[in-house]
Amino acid sequence: MKRWHGASLAAAVALVLSGCGGTGAGGSNSGGGKGELLVWVDNTRMPAAQQYKKAHPDLKLRIVTIPPDAGYVPTKISLANRTRSGWPDVVFLTNPAEAATLSSQKFGYAARLDDLVPASVRDGFAPGALDTCTFDGKTYCLRNDIAPTVLWYDATLMNRYGYQVPKTWAEYQRTGLKAAKEHPGVIVGAVNGKYGAGAYFGSSGCPTRDTLSLTKVHIDLTQPTCTRGADLLQPLAEKNAITTVGPIDPAFSKFGKGDKILMLPGPAWFGDFMFAPAFKVPKGRIAAAPMPTWPGESKPYAGQVGGGAFLVSAHAGDRTKDATDLVRWMTTDAGLQAKQPTYPAFTAAAKKWGEAKSKDPYYASDPMPALTAAAAALRPGFGAVRYEADWQTSFNDTLGKAVDSGGNLRTALNGWQDKLEAAARTSGYTVG
């Protein structure tokens, strides 16, 4: 779904820190200096943008397709900042964390939307969905889709083995250890990059990317919300009940083909885009449950792994209203969002989207109750950060290596802390 290229993202961040950003004032050369509304979207959003253009024949609108590569948009807008021209009036981010870069003072690209999009509209998004768009209490983007995590499981295997779907992480751990003993080779989770950091530590509320502002971030892996994640995974790692093979790695398909995926905490989009086409799990077996509940808590919280966002340019000038109207329609129109491939961030649109999902014959049971609950229970504190790529690679270099080597995961948290702090400071944050 998403491709991460640390080198390109690092280059974009370096451009930001070099002070080549814009002032944030409305520039006359936005839109290529042709008086047109310039819109950058990926291939998936292109049909919707073209639909909007067709419905507004009097609007001079140019739509450009951009790749989903991480770092692409910040790098291109850095170049526009240098030449003082060519900024897109609207841009879609396949990596919403890049909103932290584009909203920064040195970059000066993203427009504040609080006075452009009514609070009544912003309140219609899933609770917490706009957290990755919000800095210092100001909103800089609107989410198109979100990727709350749920507990995916193979209902056929659960019934065959006589297991119950866990409601708590303690039950999840016990079931995973039991499965590893009784059915060697079966896995109950994947801990790789964002799929480990987001699903487990993100749902637990471990402060690895808690954005206090555009220039300050809170990182503290000594907190119980972090150590309980390490304690959960430690025995599962020792018994090979979890894997560090990434779900998007072609090698992961061996687990699906071999009937080895008992459970897999993962984002909403795994249902459509991974289990059948990538993991090769047959129809009628996969189901979704809410994420297990952490000790001492009364409700399950979801982590986040993916999603997209729309930004309006601070340089749009007299095209700002048109740009905002387009973004608002793209993110909130229920008819449009009902046809998109991933879970809509706008609650009313998600309800419409779920009507077809509830009837999808691929699933063993209706996945929408779990998906809806997860969308309403995103764990607070998961912010958009400029060190997104390092957040993932540093997880693999510490926790991932500990899983593979039989190391101590609590000890590995110390290394992850050091790497996160270094990445945050390199990206222009102070760590508090």
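W169 counts as buried, because its relative accessibility is 2%, and this residue offers a convenient entry into the structure, which is a predicted model.

**Aromatic pairs**

W169 forms an aromatic pair with Y200, with 5.7 Å from centre to centre and 50° between the planes, and the pair is tilted. Since W169 lies in helix α7 (residues 169-182) and Y200 in helix α8 (residues 194-204), the pair ties together parts that are 31 residues apart in sequence. The partner, Y200, is likewise buried, because its relative accessible area is 0% and buried means under 20%.

How many aromatic pairs does the structure hold? The number is 26, and among them is the pair of W152 and Y363, whose ring centres are 6.1 Å apart and whose planes stand at 20°, so that this pair is stacked. W152 belongs to strand β6 (residues 142-154), while Y363 sits in the loop between α14 (347-358) and α15 (368-375), so the pair ties together parts that are 211 residues apart in sequence. Both W152 and Y363 are buried. These two residues also belong to a cluster linked by ring pairs, in which W152 and Y363 are joined with Y195, F252, F255, W269, F270, F275, F279 and Y362.

**Residues in helices**

Helix α7, which holds W169, is also the place of T175. T175 counts as buried, because its relative accessibility is 12%. When neighbours within four places in sequence are left aside, T175 is in contact with Y163, Q164, L262 and M263.

Another threonine, T227, is placed in helix α9 (residues 224-238), and T227 is buried because its relative accessible area is 14%. The side chain of T227 reaches the backbone oxygen of P224 at a distance of 3.4 Å. Apart from neighbours within four places in sequence, T227 is in contact with L221 and T222, and also with R410 and L413.

M368 is found in helix α15, and with 7% relative accessibility M368 counts as buried. Not counting residues up to four places away in sequence, M368 touches Y343, A350, W353, G354, K357 and S358. M368 and A288 are 80 residues apart in sequence, and their C-alpha atoms are 8.1 Å apart in space.

**Residues in loops**

Where is H315 placed? H315 is in the loop between β13 (304-312) and α12 (320-332), and this histidine counts as buried because its relative accessibility is 0%. The side chain of H315 reaches the backbone oxygen of G108 at 3.3 Å. The C-alpha atoms of H315 and A110 are separated by 8.4 Å, although the two residues are 205 residues apart along the chain.

Two aspartates in loops deserve a separate word. D136 has a phi near 55°, which is a positive value in a residue other than glycine, and D136 lies in the loop between β4 (134-135) and β5 (138-139). D259 also has a positive phi, of about 55°, although D259 is not a glycine, and its place is the loop between α10 (253-257) and β11 (263-267). Are these aspartates buried or partly exposed? D136 counts as partly exposed because its relative accessibility is 44%, and D259 counts as partly exposed because its relative accessibility is 26%.

The table gathers the accessibility of several residues discussed above.

| Residue | Relative accessibility | Class |
|---|---|---|
| T175 | T175: 12% | buried |
| T227 | T227: 14% | buried |
| H315 | H315: 0% | buried |
| M368 | M368: 7% | buried |
| D136 | D136: 44% | partly exposed |
| D259 | D259: 26% | partly exposed |

**Cavities**

The count of cavities of 30 Å³ or more comes to three. The second largest cavity has a volume of about 60 Å³. Which residues line the second largest cavity? Its lining consists of D42, I66, P67, P68, D69, V73, F92, L93, T94, N95 and E98. By character, the residues of this lining divide into six nonpolar, two polar and three charged.

Methods:
Residues numbered from 1 in each chain as written. Predicted model: local features only at pLDDT ≥ 70, side-chain atom pairs only at ≥ 80, totals over all residues. Heavy atoms only, no water. 1 Å grid on protein atoms, 1.4 Å probe; cavity = no way out; pocket = protein on both sides within 12 Å on 5 of 7 lines; lining within 4 Å. Points joined across faces, edges and corners; volume = space filled by probe spheres on them. Nonpolar A, V, L, I, M, F, W, Y, C, P; charged D, E, K, R; others polar. Helix = DSSP H or I, 4+ residues; strand = E, 2+ residues; numbered from the N terminus. Buried < 20%, exposed > 50% of the residue type's maximum accessible area, 1.4 Å probe, protein only. Polar contact = N/O pair within 3.5 Å; in protein donor to acceptor, adjacent residues only side chain to side chain. Contact = heavy atoms within 4.5 Å. Phe/Tyr/Trp six-rings, centres within 6.5 Å; stacked < 30°, edge-to-face > 60°.
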